[in-house]
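Please open the model in your viewer and keep the selection panel at hand. The tour below proceeds one selection at a time, and each stop says what to look for once the selection is made.

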Amino acid sequence: MREFLIETRKRVPLAVVGGSDFKKITEQLAGHDKDLLLSLFDYVFAENGLLGFKGTEPYPVQSIQKAIGDDKLQELINFSLRYMSEIRLPVKRGNFVEFRNGMINLSPIGRSCSQEERNQFVIFDRENGIRQKFAEELRKNFGKYGLQFAIGGQISVDVFPTGWDKTFCLQYIQNHFDIIHFFGDKTAPGGNDHEIFADERTIGHTVEGPEDTKKQVEEVLGEGL
């Protein structure tokens with residue numbers, strides 16, 4: 001996939017946006033090598049763009065605690081810990097609540113799980129709607145605070161101020177390009193790709209994995225964008 005991206009970038013500028021923090025995105029895309037990651041893309045946006053780079057130049061970092069305050073954050077975290085403590089899963093590990101610059105990441109299994117345990121949770125979640133039910137409870141109890149709740153990645157729910165979804169990153173690129181294509185897998189309502197997928201500033205594509213992503217990117221490039 002990395003080689004494919006390198007070849008693609010010879011034809012069009014590339015940006016990557018993820019809900020994960022910068023450390024996790026670097027691990028996933030560049031084997032913990034920050035310089036390699038920033039060299040692969042024209043823009044890198046972590047935490048939906050709340051921490052971002054154009055080349056090696058950083059954009060200003062946003063802060064969720066400044067946006068909603070520590071009292072509401074603590075209320076949210078306490079509720080989430082109680083809720084997750086009552087969920088019965090095949091396994092549970094550690095790091096259930098991860099505090100990031102622009103969001104809170106809540107993982108019922110815990111982000112310390114192994115890849116095998118992660119894969120097991122994906123199947124269990126698909127069959128039992130664990131994260132969907134969790135997100136609905138959060139929305140019901142904390143939506144009044146101007147927060148959004150999105151099912152992100154494979155094992156967690158992202159919580160962030162309204163408008164701080166992946167469309168946040170578009171402000172940095174919308175004036176530089178006439179056409180912006182977005183490729184993502186969680187594009188249905190409630191998924192953390194939905195808002196940017198459906199945004200009028202992008203042409204959205206739903207992908208199912210690396211091979212499908214390659215195929216669809218090639219199709220777009222073949223059509224001359």
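Begin, in this predicted model, with the open sheet of four strands, whose order is β1-β2-β3-β4 and whose pairing is mixed. Select residues 15-17 for β1 and 57-58 for β4: these two strands stand at the edges, each with a single partner strand, so one side of each is left without a neighbour in the sheet. Then add β3, residues 51-54, which pairs with β4 in the antiparallel sense over two bridges; within this pair, F53 stands opposite P58 of β4.

Next, select residues 22-30, helix α2, which lies across β1, β2 (43-46) and β3 and runs at about 125° to β2. If you colour its buried residues, you will be marking F22, K24, I25, T26 and A30, and the elements that cover them include α1 (2-9), α3 (34-40), β2, β3 and α6. Just after the end of α2, pause at G31, which takes a positive phi of about 55°.

The next stop is an annotation taken from a record. The unreviewed UniProt entry carries a "binding site" annotation that covers R100, R111, R118, S156 and D158.

Select R100 from that group, and you will find it in the loop between β5 (97-99) and β6 (104-106). Is R100 buried or exposed? With a relative accessible area of 4%, R100 is buried, since the cut-off for that class is under 20%. Beyond its close neighbours in sequence, up to four places away, R100 touches G19, S20, D21, E47, I64, N105, R111 and D158. To see one polar approach in detail, display the backbone oxygen of G19, which lies 2.7 Å from a polar atom of the R100 side chain.

Move on to R111, which sits in the loop between β6 and α6 (115-128) and which, at 16% relative accessibility, also counts as buried. Leaving out neighbours within four places in sequence, the residues in contact with R111 include R100, R118 and S156, together with S20, K24 and N105. Its side chain makes a polar contact with the side chain of N105, at 3.1 Å.

From S156 you can turn to strand β8, residues 156-161, where six of the six residues are buried, so the strand is largely enclosed by the rest of the structure. On β6, the partner strand is β8, and the two pair in the antiparallel sense over three bridges, with V157 as the bridge partner of L106. Now select residues 147-152, strand β7, which runs antiparallel to β8 and is joined to it by six bridges; here G152 stands opposite S156. These two strands form a hairpin with three residues between them, and G153 in the turn has a positive phi of about 60°.

For the last stop, select helices α5 (70-85) and α7 (130-142), which pack at an angle of about 145° with their axes 11 Å apart, in a crossing that is right-handed. Show side chains where they meet: E75, L76, F79, S80, Y83 and M84 come from α5, and K133, F134, E137, L138, N141 and F142 from α7. Also in α5 is N78, which counts as partly exposed at 34% relative accessibility. Finish by drawing a distance from the C-alpha atom of N78 to that of I6: the two residues are 72 apart along the chain, and these atoms are separated by 44 Å.

Conventions:
Residues are numbered from 1 along each chain as its sequence is written. This is a predicted model: local features need pLDDT of at least 70, side-chain atom pairs count only at pLDDT 80 or more; totals for chains, interfaces and linings use all residues. Side-chain values use heavy atoms; hydrogens and water are left out. Two strands pair if DSSP finds at least two bridges between them. Contact means heavy atoms within 4.5 Å. Axes are lines fitted to C-alpha atoms, for helices over the stretch in contact, and angles run from 0 to 180 degrees between N-to-C directions. UniProt positions are given in the numbering used here, feature names are shortened, and annotations may be inferred rather than shown by experiment. Buried means under 20% relative accessible area, exposed over 50%, partly exposed in between (1.4 Å probe, protein chains only). A polar contact is a pair of N or O atoms within 3.5 Å; within protein, one must be able to donate a hydrogen and the other to accept it, and residues adjacent in sequence count only if both atoms are side-chain atoms. A crossing is left-handed if the near helix is turned anticlockwise from the far one by less than a right angle, and right-handed if clockwise.
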